[in-house]
Amino acid sequence: MALRYKTKTTEQKLANVMIFTIVVLAIIYCCMVLSIIFSAIERKQDLLAIKDITSKISYSENDYADKVASIDSTALEQKGFVKINNATFAVRKDPIASFSLLYER
């Protein structure tokens, strides 16, 4: 009985390499598509979180503005602050600042 070696022709080897390459590229493509899909979903969730945080910040700013607006002289006197009349205060002048910047108002 004669032993016969199965030898693949160049065309068969080339076909196998091409099929393997197509399978690898298909797997890479699927991974990239899934990555893009998950990135889009995560971005939408981030945008919703940003909206929520912006809303909370706006509420906090309004609350702060209301509290600052409610401060008057009677509330300050109740907390122990004293009004000083005819007082002069030292103003620190920056070397970069101009006269109009500091004293325009």
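Accessible area here means the surface found by the Shrake-Rupley method with a 1.4 Å probe. On that footing, the protein chain of this predicted model has an accessible surface of about 11,000 Å², and 63% of that belongs to carbon and sulfur atoms. Very little of the chain is tucked away: just 1% of its 105 residues count as buried.

The fold is simple to read. The protein chain has three helices and zero strands, giving the pattern α-α-α along the sequence. Helix α1 takes in residues 10-69, and several of the features picked out below involve this helix.

One of them is a nonpolar patch on the surface. Y29, V33, L34, I37, F38 and I41 make up this patch, which covers about 590 Å². Y29 sits in helix α1 and has a relative accessible area of 57%, so this residue counts as exposed.

Then there are the charged pairs. A search of the whole structure turns up two salt bridges. In one, the side chains of K56 and D52 meet at 3.6 Å, N to O. These two residues are four apart in helix α1, so about one helical turn separates K56 from D52. K56 is exposed at 53% relative accessible area, while D52 is partly exposed at 40%.

The other salt bridge joins the side chains of D63 and K67, at 3.9 Å from N to O. Here too the partners lie four residues apart in helix α1, which puts about one helical turn between D63 and K67. D63 counts as partly exposed, with 32% relative accessibility, and K67 is exposed, with a relative accessible area of 53%.

Note on methods
Residues numbered from 1 in each chain as written. Predicted model: local features only at pLDDT ≥ 70, side-chain atom pairs only at ≥ 80, totals over all residues. Heavy atoms only, no water. Patch = residues over 30% accessible without salt bridge, like charges linked within 9 Å, V, L, I, M, F, W, Y side chains within 5 Å. Salt bridge = Lys/Arg side-chain N within 4 Å of Asp/Glu carboxyl O. Buried < 20%, exposed > 50% of the residue type's maximum accessible area, 1.4 Å probe, protein only.
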